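Work through these short exercises with the structure in view. Try each task before you read its solution.

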Amino acid sequence: IKMKQFFGIFSWLYSYIDMNLFSQVHDISGFILVILILIHLTLNWAWIKSMFLCTFSKNKVCEVEIGK
């Protein structure tokens, strides 16, 4: 068991699910989450870049052009 301090909270889960299966599902879902975060950041990179540049520019009136 990786986080023994939560054993009391989730003890009902351990009696229903094989821990090897639970560990595999946990690892795979973590990998999928990282992929989804990377896709999200890639699709919104123009906005992230624009907001970063706007935050550190002297001109506080910034425009975000969507679609570029």
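Helices here are DSSP runs of H or I, at least four residues long, numbered from the N terminus. Keep in mind that this is a predicted model.

**Exercise 1.** Describe the fold of the protein chain.

Solution. Step one: count the elements. The protein chain has three helices and zero strands. Step two: read their order. From the N terminus, the elements run α-α-α.

**Exercise 2.** Place Ile-32 and decide whether Ile-32 is buried, partly exposed or exposed.

Solution. Step one: locate Ile-32. This residue sits in helix α2, residues 19-43. Step two: recall the cut-offs. Buried means under 20% relative accessible area, and exposed means over 50%. Step three: compare. Ile-32 has 44% relative accessibility, so Ile-32 counts as partly exposed. Step four: look around. Ile-32 belongs to a nonpolar surface patch that also includes Phe-31 and Leu-33. Together, the patch residues have about 1200 Å² of accessible area.

**Exercise 3.** Which element has the highest mean pLDDT, and which the lowest?

Solution. Step one: find the top. Helix α2 has the highest mean, 92. Step two: find the bottom. Helix α1, residues 11-16, has the lowest, 70. Step three: take the whole protein chain. Its average pLDDT is 81.

Key. Residues numbered from 1 in each chain as written. Predicted model: local features only at pLDDT ≥ 70, side-chain atom pairs only at ≥ 80, totals over all residues. Heavy atoms only, no water. Helix = DSSP H or I, 4+ residues; strand = E, 2+ residues; numbered from the N terminus. Patch = residues over 30% accessible without salt bridge, like charges linked within 9 Å, V, L, I, M, F, W, Y side chains within 5 Å. Areas by Shrake-Rupley, 256 points an atom, 1.4 Å probe, with all protein chains shown as cover. Salt bridge = Lys/Arg side-chain N within 4 Å of Asp/Glu carboxyl O. Buried < 20%, exposed > 50% of the residue type's maximum accessible area, 1.4 Å probe, protein only. pLDDT = per-residue confidence, 0-100.
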